Amino acid sequence: MSDTRFVLIGVALIFAGFVVLGAFGQQHYNLIIQAQEFGECFEYKDGTEVEADCSVAMQDRAAFFGLVLALVGAGVFFLIKGIRGKWDQNVKPEDAVGPGSSFPS
C-alpha cells in the first residue's frame, strides 16, 4: 500500500473517532455527572424517566470511550506509518511512468 493511502486512512479514522464521540458522547457524559452528583442514574426515553444502574452505565461509558480511543489510536498509527514510510517518489526507474520511462507510449 502506498504511503499516501496510509495518511488518508489515518486522517479518516481520526475524523471518524471525533464524529462518534461528538454524536454519541453526550449520553455518556450526562450519566457520569448524575452518578457523581446524585449517586443515581436516569435514562430518558420517549419523554419518560427510567432509573438505570450506575455501574452498568459506567461500564458502557468505558466501552464507548475505548472504542473512540481505538479509532483515534488506529488513525494516529496509520498517520505515523504513512508519514515515516518510503514516499511515492521513491519509484524504481523501470517502474516510472512519463517521459524517458521504460513503458511504450
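Select Phe65 first. Its relative accessibility is 27%, so Phe65 counts as partly exposed. Keep in mind throughout that this is a predicted model.

Now add Phe64. At 10% relative accessibility, Phe64 counts as buried. Phe64 also appears among the buried residues of helix H2.

**Along H2**

Show the whole of H2, residues 54–84. The helix has 31 residues. From its first C-alpha to its last it reaches 44 Å, close to the 45 Å expected at 1.5 Å a residue. Colour its buried residues: Cys54, Ala57, Phe64, Val68, Gly75 and Gly82. What covers them? Turn on helix H1, strand S1 (41–45) and strand S2 (48–52), which are included in the cover of the buried residues of H2.

**The aromatic pairs**

The structure holds three aromatic pairs. Start with Phe6 and Phe78. Their ring centres are 5.7 Å apart and their planes meet at 15°, so this pair is stacked. Phe6 lies in H1 (residues 3–37) and Phe78 in H2, so the pair ties together parts that are 72 residues apart in sequence.

Is Phe6 buried or exposed? Phe6 is buried, with a relative accessible area of 11%. Phe78, at 24% relative accessibility, counts as partly exposed.

Go back to Phe64 and Phe65 and look at their rings. The centres are 5.2 Å apart and the planes stand at 70°, so the pair is edge-to-face.

Next, select Phe77 together with Phe6 and Phe78. Ring pairs link these residues into a cluster. Then add Lys81. Its charged end sits over the ring of Phe6, 5.2 Å from the ring centre.

**The disulfide**

Finish with the cysteines. How many disulfides are there? The count comes to one. Select Cys41 and Cys54: they form the disulfide, with their sulfur atoms 2.2 Å apart. Look along the S-S bond. The angle about the bond is 115°, and the link of Cys41 and Cys54 is right-handed.

Which elements hold the two ends? Cys41 is in strand S1 and Cys54 in helix H2. The pair links distant parts of the chain, 13 residues apart.

Check the surroundings of each cysteine. Cys41, at 1% relative accessibility, counts as buried. Cys54 is buried as well, with a relative accessible area of 16%.

For a last view, show H1, H2 and S1 together. Phe6 and Phe78 tie H1 to H2, and the disulfide links S1 to H2.

Key
Residues are numbered from 1 along each chain as its sequence is written. This is a predicted model: local features need pLDDT of at least 70, side-chain atom pairs count only at pLDDT 80 or more; totals for chains, interfaces and linings use all residues. Side-chain values use heavy atoms; hydrogens and water are left out. Rings of Phe, Tyr and Trp (its six-membered ring) pair if their centres lie within 6.5 Å; planes under 30 degrees apart count as stacked, over 60 as edge-to-face and the rest as tilted. Helices (H or I, at least four residues) and strands (E, at least two) are DSSP runs, numbered from the N terminus. Buried means under 20% relative accessible area, exposed over 50%, partly exposed in between (1.4 Å probe, protein chains only). A charge sits over a ring if NZ of Lys or CZ of Arg is within 6 Å of the ring centre and within 35 degrees of the ring normal. The expected span of a helix is 1.5 Å times one less than its number of residues. Contact means heavy atoms within 4.5 Å. A disulfide is a pair of cysteine sulfur atoms within 2.5 Å.
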